2 protein chains.
Amino acid sequence: MKQAPSPTIQPVDSQPSRTSMQQRAVDAIRDLIVQGELPPGCRLQEQALSDYLGISRTPIREAFRALAAEGLVVIKPRRGAMVREMDLDELSDTFQVIASLDALAGELAAVHATGLEVERVASLHERMVESYQQGDMLEYFKLNQAIHRQIAASSRNPVLERQLQALNAQVQPYRFDINNVSENWRRSIADHEIMLEALRARDGARLHAVLRNHLPDKLFLLNKLRELRTSGRRRRIA
Amino acid sequence: MKQAPSPTIQPVDSQPSRTSMQQRAVDAIRDLIVQGELPPGCRLQEQALSDYLGISRTPIREAFRALAAEGLVVIKPRRGAMVREMDLDELSDTFQVIASLDALAGELAAVHATGLEVERVASLHERMVESYQQGDMLEYFKLNQAIHRQIAASSRNPVLERQLQALNAQVQPYRFDINNVSENWRRSIADHEIMLEALRARDGARLHAVLRNHLPDKLFLLNKLRELRTSGRRRRIA
DNA sequence: CTATCGGAATTTGCTTGCAAATTACAGTTG
DNA sequence: CAACTGTAATTTGCAAGCAAATTCCGATAG
């Protein structure tokens, strides 16, 4: 009886167990991408990241594969990995899917959210409006995302939550660009007011409808981007 | 001028280039899982698959990571990989997401599908009804899926198409179980009739509504499954 | 006969190393 | 001066090998 911790059976799977090199690599690289340190189109060299993270190449390679399946990285055989570069069409497509899933999440959240969760959304909403009034863009967007994450969590559908998380990560590197074009915060705030109202009233259909067309900082601003670029064309083979 | 193919620039990225060991491993293992040869819960041993596929362990490991991010495999650190096992809740959650995305796909397809594509759906539908009348279950389900795939393709949203493909792959191993409980084909066929009608009429809203609640062989039958099991419980530490 | 303990065998995680392919660069030529 | 060719350097893909952790299995005690 040296170190019998529990009389019956120890729930082995409870703790996520300490991080493996591979997991550390995935998380580190994902962060670098989502935070924008590794911008879209950036080449990911195995050796370079291996040195930088102090992890040998093999787990780095495995991390690339995982991130590729997540949609954050593109791997071309024999030519290495690069941060996925989305053109405006892909961004638009992705936002469309996100909006659709957000709507589903809202509809489900209207049914399943606890009172506490509703109030948490309300609190986040208040703070978001404050940030808006103070012009604190960064905080505004963080709270905006926090609200959407909370709604996803309240949907009680982990699969849905997971999908949303993955898709949002994919567009995250572009959010910052979009932030600069900030006009229609008003509309977004108004949408959020309605959302909160609908959530409190447990009106799933209404939440669905609003979220479906919410596109807070999304599609609306893509056209702006479309104008702003025009120069940064992709290689067009003529 | 030995082999100058084009006078300007050769489109380097056109061909997918020949398959690497890693890619072969991913495809082979995915097939084994989706086809049901490696059933849910089945342990995936690196050495065993390495021997079986004639590929060394490294690319196999990379394949595991990729499939894990796709949602087909679960990896527990230091304990190996196994084919993902979905309980009924997860299945239900996944079908909910699929239905939502199918609805979006239908709505978009109503707008973007070419006349040819509409007729292709019509043709698939006819053959599906035939298979139904002849009681050819396997063919019926194949055509059913083909219809949904065609609608996804006609949505002209590759991101959406990709998501649907991934999610459908995840539930694929369970479809066969579900096939055995075949009662409400009628309802499914009726839905499909309406879908085709709506698609021809370019009625996106109607297509959306039908697909949203289509759940052809899906949720409806889950309860059946729930009864049928009760014995095949997971290890419950109790 | 059941349950617990200890050691051997298997299995995973990671490092290292090598061959092949790609990329970069420099010299040469038109 | 620009474009092309050939070679060198980098980089990826894969395989083998070693250490650590886990699992398996038999032995022992209750």
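**View 1. Arg79(A) reaches a phosphate of DNA strand C.** A polar contact here is a pair of N or O atoms within 3.5 Å. Arg79(A) gives us one to start with: an N or O atom in its side chain sits 3.1 Å from a phosphate oxygen of DNA strand C. Keep in mind that this is a predicted model.

**View 2. Two arginines of chain B meet the bases of DNA strand C.** Here we look at Arg57(B) and Arg78(B). A polar atom in the side chain of Arg57(B) comes to 3.1 Å from a base nitrogen of the strand. For Arg78(B), the partner is a base oxygen, with an N or O atom of the side chain 2.8 Å away.

**View 3. The protein surface around DNA strand C.** In this view, 21 residues surround the strand, and the closest are Met21(A), Ser56(A), Thr58(A), Gln45(B) and Arg78(B). Of the strand's atoms that come within 4 Å of the protein, 69% belong to sugar and phosphate. Which elements each supply at least two residues of this surface? In chain A they are helix H1 (21–34) and H3, and in chain B they are strand S1 (43–44) and helix H3 (57–70). Sorted by class, the surface has 10 charged residues, six polar and five nonpolar.

**View 4. Where chain A and chain B come together.** On the chain A side, 39 residues are in contact with chain B, which brings 40 residues of its own. People often describe how big an interface is by the accessible area lost when the parts come together. For chain A and chain B, the buried area is about 3200 Å², and carbon and sulfur atoms give 53% of it. Within chain A, the residues that lose the most area to chain B are Glu62(A), Arg65(A) and Val159(A), together 17% of what that side buries.

**View 5. A salt bridge between Glu62(A) and Arg61(B).** Glu62(A) turns up again here, its side chain paired with that of Arg61(B) in a salt bridge, at 2.9 Å from N to O. How many salt bridges cross the interface of chain A and chain B? The rule finds six. The two chains also have eight residue pairs in polar contact, counting pairs with both residues at pLDDT 80 or more.

**View 6. The helices of chain A that touch chain B.** Four helices of chain A each supply at least two residues of this side: H3 (57–70), H4 (88–112), H7 (158–180) and H9 (204–212). H4(A) gives the most, with 10 residues. By class, this side of chain A has 15 nonpolar, 14 charged and 10 polar residues.

Notes
Residues numbered from 1 in each chain as written. Chains lettered and ligands numbered in written order. Predicted model: local features only at pLDDT ≥ 70, side-chain atom pairs only at ≥ 80, totals over all residues. Heavy atoms only, no water. Contact = heavy atoms within 4.5 Å. Buried area = accessible area lost by both parts, 1.4 Å probe. Salt bridge = Lys/Arg side-chain N within 4 Å of Asp/Glu carboxyl O. Polar contact = N/O pair within 3.5 Å; in protein donor to acceptor, adjacent residues only side chain to side chain. Nonpolar A, V, L, I, M, F, W, Y, C, P; charged D, E, K, R; others polar. Near = heavy atom within 4 Å.
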